[in-house]
There are 2 protein chains.
Amino acid sequence: TSANVKGPKKDPLPKDEEDFLKAVFQVILEDGIRKGRDITQKVVDFHQPDELKTLLDLEIRDAPEDHQGLIKHMKDTVKYSVRTSHPRFFNQLFSGQNSYALAGQWLTETLNTSQYTFEVAPVFTIMENVVLHKMRDIVGYTGGDGIFCPGGSISNLYALNVARYRYMPDIKKTGLFGLPRLVVFTSKQSHYSIKKAASVLGIGTNNVVLVNCDERGKMITSDLEAQILRVKAEGAVPFFVNCTAGTTVLGAYDPLEEVANVCEKHGLWMHVDAAWGGGVMMSPKYRASRVRGVERSDSITWNPHKMMGAGQQCSAFLLKHENLLQHCHEAKAKYLFQQDKFYDVSYDTGDKSMQCGRKVDVFKLWLMWKAKGNQGFHQDMDAIFDKTRYLVEKVKAREGFKLVLDEPECSNVCFWYIPPSLRGKEDEADYKDKLHQVAPKIKERMVLSGTMLVGYQPLGNKPNFFRQVFSSPTVTEEDLDFLVDEIERLGEDL
Amino acid sequence: TSANVKGPKKDPLPKDEEDFLKAVFQVILEDGIRKGRDITQKVVDFHQPDELKTLLDLEIRDAPEDHQGLIKHMKDTVKYSVRTSHPRFFNQLFSGQNSYALAGQWLTETLNTSQYTFEVAPVFTIMENVVLHKMRDIVGYTGGDGIFCPGGSISNLYALNVARYRYMPDIKKTGLFGLPRLVVFTSKQSHYSIKKAASVLGIGTNNVVLVNCDERGKMITSDLEAQILRVKAEGAVPFFVNCTAGTTVLGAYDPLEEVANVCEKHGLWMHVDAAWGGGVMMSPKYRASRVRGVERSDSITWNPHKMMGAGQQCSAFLLKHENLLQHCHEAKAKYLFQQDKFYDVSYDTGDKSMQCGRKVDVFKLWLMWKAKGNQGFHQDMDAIFDKTRYLVEKVKAREGFKLVLDEPECSNVCFWYIPPSLRGKEDEADYKDKLHQVAPKIKERMVLSGTMLVGYQPLGNKPNFFRQVFSSPTVTEEDLDFLVDEIERLGEDL
Ligand SMILES: Cc1ncc(COP(=O)(O)O)c(C=O)c1O
Ligand SMILES: Cc1ncc(COP(=O)(O)O)c(C=O)c1O
């Protein structure tokens, strides 16, 4: 592949730069990966913001710094960062560290291109088509379209935007002025990104109707229908229903078949926010009971950077409809999407996007998928859901622990730890207030001791409880045993 | 930092996985970096989409693939990808490959966290504050706020959204229904992301007024003011003016002082889209003549992934106003932004964003900046603008080449190549049509020969011309000589 050019041969990678990159790789391998996954290391070496500022040398100066200094900065950055790859990091809806995804990420960064045209991203354009097609097959869409977005919130925003465009294509040109109120429906337990998107889109958060949920956190479809009728009676225009497949806190799956019936009846766009719980579509064992009917939706958000471990950022927005993404977003910029190119310009997919430059998010997912095969992901998803059962049983049986939901559906296990001082005092007036303070206090001690990380939050009128979530199939029963013991250790004197 | 945990010590990085990662690093170093920067290699080994599909093994199968197979896939991916790090890649508004930025990118991917809370991104939260503060200082804002966004288009969308919120905070809740038409002003030469954002926001592309430009591509402020008055007379509401500092095709800088006067007079939000040409703010030599008055704007988009070589994606949205980002976007999710944490929760900056999970884009920029120092960036920016002068003079003097603009302001050099068969035929009826076909044909041959990559496009009624852009300070005069010679070689028989 020599280009046979004239001109002096410059050294493309000078020795000292090569040495620097090799030293960087050592830091990544030893500090970032080996120590990052090492269970005997702390998950975080916590310092208060003001103290951390003094521990790091963040100031940028006039003069350059040398390689030694830069390596030191990299080591410090690792040292004071949270180890999200630690086996006992359960704090967010992502965790673990997959070597194949990571390899894909490094190479993506090295190749540094933008996903807008076949011209500058030939491999990744075709690869994105293959992977999105595969994901649509798994959902159960025939045909359709899709795009990788910078996160699930943006994917949800796409859903609202294309649904609105389909409802009335003129809105692209004329905006919402003079139109009747458009109204969006989503459950009380759904992710806040729906509201954020509605406000960005000029629809407004007041026009997001929060549908009631049952005690398990699932949307009540009779309430959905009642709200739709109410909104119509007010003269406003329902156009979009968001269902959640795996809610953020409780891990509930909305009843998709029932919602699909309502959407069909009223002619509404049905979107499924499976950002978190979408992985279950790859579990032979758990799929049917969780997402039956998902193929009846118009669109779906599915984040492989969450349960599938693909690394930030990797979020697919998939839809059943063809051409809609293109028509809704195209601006036909002539400097980028020239029509007189010498290849089939339908491979230039960038005008489907509301972005211009778009990071390549597909390669890491593709490489990991190649490495695991479909089988690997089937096993992983089964494993995650199986381990959830283990923890549920464990927490049920343990004194001082109380589940928020007896039968969680996703890998969220929400529970209270009730310290001995509060046991049997459920009827006292300040019980809830006191219990509310337990989780934050345990969390503080947890962070300071650095042994694990798990989140907590209140919900409605429920006092603060822990949300143990896991998204990595490598979590062991031992890790889950440790979790319970450690919470007890940290909180028993409270 | 040992956590002193009980439990068996698992091997955090098994030997075969370590070997795989080492092999990956070799591919990255040799194929991705050394060959990627090697001037004697092709910029692209082009194949038509259908052929490329047969050269790659993209299908994902049931069974896993072994390490050898995966390494082969990585090599193939590099082989058929465009080398954006090649010294003669001039096709987009990004190029080059900076080893420090790259090192930062790899480590960012390895640490895989999300920029929403201090809790999971302690170092990066503080680092983002430092870098955004520094960037605001360079712009000339005192105080203010900012956020890294997934690209300049999204940064421009933020600008419109916060400006609209400031104009009428109720829109967040009630949407645009029943309001008078809101109108946005931007120049005819501005980037299409303003229109895309206006349609996403429910404002509509018809409510984006395209202000006329002079022959150099700069916004004509008298036309801006005339349009503002016209719109007001129609009963609509002007609220936002976008200026461009470095237009996409011609590289024009809008007259910021003049626009600032108009915005002040009419009480409009002034945004500067410096996604492309923002780097000039770091050039002691060229700054004043390009962006005088930039500090009078309300907000700015500035993409270090373009002229500053930080790698996709790195785009800062900066604004002069405090609290606005937060108020405009906050949803106060209790599961993420708990207020009863044990550290100062003003460090949890995620609710300023319209995203939830947010990739860390700051570290690569910070590390590169540390490596170069302020001095390094000053020199780089001077170098880029100096080399532009070199190319301009060269093209001016060369037979068969004709500049679109005699004195380009940014590092865009736009020109026609006129093959011998067309010279002196400017007055013939089909001259323009014939000239229009020259650049696409040369481009085709260029891609197939793989010696370099440069873009072309038409503009208004101007036939296709080349846009030579560069964003890397390592481009040499020799590279620019080559460019001109090569276009001639590829096109002289046309
Ligand atoms: C002037 C201008 N603004 C905004 C953008 C959009 O930036 P991004 O590609 O990061 O979305 C571009 C991209 O070329 C541009 O040239
Ligand atoms: C159900 C659900 N939807 C959407 C999102 C948003 O995804 P992202 O963080 O990628 O924007 C989340 C994030 O936690 C989520 O839990």
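At which residue does H1(A) bend, and by about how many degrees? The bend in H1(A) lies at A:Ile28 and amounts to about 25 degrees. The structure is a predicted model. This briefing addresses helix H1 of chain A and then the seven-stranded open sheet of chain A.

**Helix H1 of chain A**

- Helix H1 of chain A comprises 20 residues (residues 15-34), which at 1.5 Å a residue should span 28 Å; the end C-alpha atoms are 27 Å apart, in agreement with that expectation.
- Buried residues of H1(A) include A:Phe20, A:Leu21, A:Val24, A:Phe25, A:Val27, A:Ile28 and A:Leu29.
- Charged residues such as A:Glu17, A:Glu18 and A:Asp31 are also buried in H1(A).
- Within chain A, the buried residues of H1(A) pack against helix H3 (67-80) and helix H4 (99-111).
- From chain B, helix H1 (15-34) and helix H4 (99-111) pack against these buried residues as well.

**The sheet of chain A**

- The strand order of the open sheet is S2-S8-S7-S6-S5-S3-S4, and the pairing is mixed.
- Strand S2 (145-149) and strand S4 (208-211) each have a single partner strand, so one side of each edge strand lacks a neighbour in the sheet.
- On average, neighbouring strands of the sheet are turned by 20 degrees against each other, direction ignored.

**Strands S3 and S5, and helix H9**

- Strand S3 (residues 182-187) and strand S5 (residues 237-244) of chain A run parallel and are joined by five bridges.
- Within this pair, A:Val184 stands opposite A:Phe240 in S5(A).
- Helix H9 (residues 221-233) of chain A packs on the sheet, where it touches S3, S4 and S5 of chain A.
- The direction of H9 makes about 150 degrees with that of S4(A).

Definitions and conventions
Residues numbered from 1 in each chain as written. Chains lettered and ligands numbered in written order. Predicted model: local features only at pLDDT ≥ 70, side-chain atom pairs only at ≥ 80, totals over all residues. Heavy atoms only, no water. Pairing = 2+ DSSP bridges. Helix = DSSP H or I, 4+ residues; strand = E, 2+ residues; numbered from the N terminus. Axes fitted to C-alpha atoms, helices over the stretch in contact; angles between N-to-C directions. Contact = heavy atoms within 4.5 Å. Expected span 1.5 Å × (residues − 1). Bend = angle between axes of the 7 residues up to and from the residue. Buried < 20%, exposed > 50% of the residue type's maximum accessible area, 1.4 Å probe, protein only.
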